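Colleague: Can you pull up the model? I have a few quick things to ask about its charged side chains and its surface.

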Amino acid sequence: VLGIYLAGPLLAGLWYSFWIPGEGLHFTALTDAVGSPEVMSSLARSIGLSLASVLILFVVLVPTVVQLHVGAQRYRPLVEAICMLPLVVPGIALVAGVMVVLRAGVGAGTFARTVSQFLQDPSYPLVLVGCYVIVLLPFTFRVIDNALSAIPVAQLLDSARGLGAPFPIAVLQVVAPNIRASLWVCAFFGLSAGLA
């Protein structure tokens with residue numbers, strides 16, 4: 001029953017997409033989409049925006065959460081509250097906030113207008129990267145935090161520092177390989193959220 005419940009809408013969607021009445025099952029729509037430069041450029045843009053979002057999340061969150069596990073435990077409630085905020089704030093409020101920021105440059109001076117246009121550039125809309133980062137923040141934080149809870153972060157960092165590695169190198173070359181599976185989960189989730 002669960003299989004029918006989950007597979008039924010998927011199969012119905014595929015049937016609707018590829019069934020041509022009177023002709024039968026055809027995959028011309030799929031081959032036309034793959035052969036279309038507009039579709040492929042939109043797909044490449046979406047993948048690029050998703051990867052940029054995941055990269056920003058990793059650069060910001062991994063060192064921050066490592067610090068929370070090593071020496072900044074008193075800031076954990078604050079960081080958790082900030083990271084979980086997108087789950088509490090309704091999506092329409094986030095959209096309204098983005099719209100206010102983008103409209104601020106319409107009637108303002110040259111610099112504000114330039115920044116607003118830069119963020120909304122149709123060839124690579126950077127405003128979407130910020131939106132993806134905000135939406136993915138709670139899930140990515142929780143996955144990285146759980147992964148770091150399962151390894152001895154303090155001992156790994158102490159060993160790396162004892163061998164002369166500065167904090168960024170220790171995080172990149174010692175801690176990150178130990179949570180590689182979790183980082184892949186975050187990357188896959190970020191990519192799928194950006195393509196949805």
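Colleague: What does Asp-145 form with Arg-142?

Modeller: A salt bridge, with the closest N and O atoms 3.3 Å apart. The term means a side-chain nitrogen of Lys or Arg within 4 Å of a carboxyl oxygen of Asp or Glu. This is a predicted model: local features need pLDDT of at least 70, side-chain atom pairs count only at pLDDT 80 or more, and totals for chains, interfaces and linings use all residues. Residues are numbered from 1 along each chain as its sequence is written, and side-chain values use heavy atoms, leaving out hydrogens and water.

Colleague: Is Asp-145 buried or exposed?

Modeller: Buried, at 5% relative accessible area. Buried means under 20%, exposed over 50%, partly exposed in between (1.4 Å probe, protein chains only). Arg-142 is partly exposed, at 30%.

Colleague: Which residues are joined into one network by salt bridges that share partners?

Modeller: Arg-76, Glu-80, Arg-142 and Asp-145. Arg-76 meets Asp-145 at 3.0 Å, N to O. Arg-76 lies in helix H4 and Asp-145 in helix H7, so the pair ties together parts 69 residues apart in sequence. Helices (H or I, at least four residues) and strands (E, at least two) are DSSP runs, numbered from the N terminus.

Colleague: And where does H7 bend?

Modeller: At Leu-137, by about 50°. The bend is the angle between axes fitted to the seven residues ending there and the seven starting there. A proline, Pro-138, follows within four residues.
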